Amino acid sequence: MGRVTLEGIGKSYGDTEVSHDINLTIEDGEFVVFVGPSGCGKSTLLRMIAGLEDITTGEMCLDGERINEIPPQERDIGMVFQSYALYPHMNVADNMAFGLKLSHTPKEEIRRSVEHVAETLQLTELLERKPKDLSGGQRQRVAIGRTLVKEPAVFLFDEPLSNLDASLRVEMRVQIAELHRRLRATMIYVTHDQVEAMTLADRIVLLSSGRIAQVGAPLSLYHFPESLEVAAFIGSPRINTLPVTVIEPGTTRTLVRLPNNQTLAVAVDGSTLEPGDTATLGIRAEDFVNEKAEATLEARLTVAEKLGYETLAHYRVESAYGPVTQRLDGLAVLDDGPTTTLGLAGQCCHLFGPDGRACPRQIELPSIPGGTHA
C-alpha cells in the first residue's frame, strides 16, 4: 500500500512561508508529478513527505498513519535524489545493497533482491563495475535500484534526470514509465520540465508560490487550465496571448474585441466578466485555422524552426504579449511576403479574466483519462 494524504500542510523558515495549506491525496499506485517554476516549493514538499524537512503546520499520513514525527529511516518511503550519490569505491552491487546491509538484512536476501532489481533495470551485466565506469544513464539506474531493493511503499524522485543530456533524458523517461507500469507502486516525481510532467504523470500537481495552482490529468491541464499561469506553464511552445476587450459576456459564448478591432465569439462561460473588461485571449500554437476563420491577425514572420516532424513559425503580431508561435506540418511552405494572416476560431481559444482566472471552456473533447473538463 502507498496512499499519501496531505491535509493543510505548511512550511515556514522563520517568518518566511514556502508552502501554504497544501491539501492533496495521492492514491496507491498513482504516478503524481509536482511541477512548477523554480522556487515554487515543489522540492520542499517532496522533502517533507520524505521526512527530510519538518512540517510546520498540517497533518501527513501514509496509509492512514500519521507520519509527521516519524524519522525518514522509519518511513516506508524511498527517495531518488538529483545527485546520484553513489559510493565511488563500491561496485554497482554493493551500492545497491548498502541500505539493506545497514538494516542488517540477511546476506542471501540481499543477494536475491539485488539480482532481481538488477534484472528489472537491465543492470545485471554491470554489477561488478564501479560508478566511474558507467554512463550517466547507468548511474541513474543504479541510484533508482538502490531505492528499489528496499521495496518501499512510496518512491520519491527529486529531478532525477536534470544531470543527463537530452537523449538520455528521453531514454530514462521511458524507463521510469515502464518501471511504474511493472511495479504499480506509488511514485511522486518533482521536475521543472513540463514535458517530463506531461509524459510521465497520471496526475500533475502544478505549484505556484508554495500553493497548488491546479491538479489534474496532463491533458486536462493542457486543454482546460484554470488560470493564465497554468496555461502559460503547461504546453510547449508557450500559449500565445493578446489583450482583448469584453463586449458581451455570455454563458456559452463571450464576444470580445481584438486589438485590430475585429470581434470574436469565444466558446467560454464569461458570465463573471463585465462589458469593457480587459481580458486575455489565449491560442495554442496548433489552434490557428486556415479555413472558416472567424477573425484574423496580421503577422510578420521572424523565425522559422524546421524540426523535420513539424515547423514552428514565430511571428510578430501588433499588441500581442510577446512573439506569436504557430505549429505547422514539417513540410509546410511559409509565405515569403511581408505579412501573413493567422486565422482564429472561437471554439479553439481560451479566455482569461482581468484576475487571470480562466473562463470555463464550453467545448467537448474526447474523454480525458484521469481528469475532468472543468
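A pocket is an open set of grid points with protein on both sides within 12 Å along at least five of seven lines, and its lining residues have an atom within 4 Å of a point. Keep that in mind for the first exercise, and remember throughout that this is a predicted model.

**Exercise 1. Explore the largest pocket**

Find how much space lies in the largest pocket, which residues lie nearest its centre, and which elements supply its lining.

Solution.
- Step 1: Start with the volume. The largest pocket holds about 670 Å³ of space.
- Step 2: Look at the lining, which is made of 23 residues. Nearest the centre lie Gln-73, Ile-77, Gly-78, Met-79 and Lys-150.
- Step 3: Turn to the elements. Strand 6 (77-80), helix 2 (92-102) and helix 4 (136-148) each give at least two residues to this lining. Strand 6 contributes the most, with four residues.
- Step 4: Sort the lining by character. There are 14 nonpolar, five polar and four charged residues.

**Exercise 2. Look inside for a cavity**

How many cavities of 30 Å³ or more are there, and which residues line the largest cavity?

Solution.
- Step 1: The count comes to one cavity of 30 Å³ or more.
- Step 2: About 40 Å³ of space lies in the largest cavity.
- Step 3: Its lining consists of Glu-159, Leu-161, Ser-162, Arg-169, Thr-191, His-192, Asp-193 and Glu-196.
- Step 4: Divide these residues by type, and you get one nonpolar, three polar and four charged.

**Exercise 3. Check the length and faces of helix 3**

Work out what span helix 3 should have, then find where its buried residues fall.

Solution.
- Step 1: Helix 3 covers residues 107-120, which makes 14 residues. The expected span is 1.5 Å times one less than the number of residues, so helix 3 should span 20 Å.
- Step 2: Compare this with the model. The end C-alpha atoms of helix 3 are 20 Å apart, which agrees.
- Step 3: List the buried residues of helix 3: Ile-110, Ser-113, Val-114, Val-117, Ala-118 and Thr-120.
- Step 4: Look down the axis of helix 3. The buried residues fall within an arc of 155°, so they line one face of the helix.
- Step 5: Recall the geometry behind such patterns. An α-helix has 3.6 residues a turn, so residues three or four places apart point the same way.
- Step 6: Now view the face of helix 3 turned away from the buried side, where you will find the exposed residues His-116 and Glu-119.

**Exercise 4. Search for disulfides**

How many disulfides does a search of the whole structure find?

Solution.
- Step 1: The search finds zero disulfides.
- Step 2: Test Cys-349. Its closest cysteine sulfur is in Cys-348, 6.6 Å away, and a disulfide needs sulfur atoms within 2.5 Å. The distance is therefore too far for a bond.
- Step 3: Test Cys-359, which is in no disulfide: the nearest cysteine sulfur, that of Cys-349, is 12 Å away.
- Step 4: Check accessibility, where buried means under 20%. Cys-349 counts as buried because its relative accessibility is 1%, and Cys-359 counts as buried at 4%.

**Exercise 5. Place Glu-248**

Is Glu-248 buried or exposed, and how far in space is it from Pro-275?

Solution.
- Step 1: Locate Glu-248 in strand 11, residues 240-248.
- Step 2: Exposed means over 50% relative accessible area. Glu-248 has 52%, so it is exposed.
- Step 3: Glu-248 and Pro-275 are 27 residues apart in sequence, while their C-alpha atoms are 5.8 Å apart in space.

Conventions. Residues numbered from 1 in each chain as written. Predicted model: local features only at pLDDT ≥ 70, side-chain atom pairs only at ≥ 80, totals over all residues. Heavy atoms only, no water. 1 Å grid on protein atoms, 1.4 Å probe; cavity = no way out; pocket = protein on both sides within 12 Å on 5 of 7 lines; lining within 4 Å. Points joined across faces, edges and corners; volume = space filled by probe spheres on them. Nonpolar A, V, L, I, M, F, W, Y, C, P; charged D, E, K, R; others polar. Buried < 20%, exposed > 50% of the residue type's maximum accessible area, 1.4 Å probe, protein only. Arc of directions from axis to C-beta.
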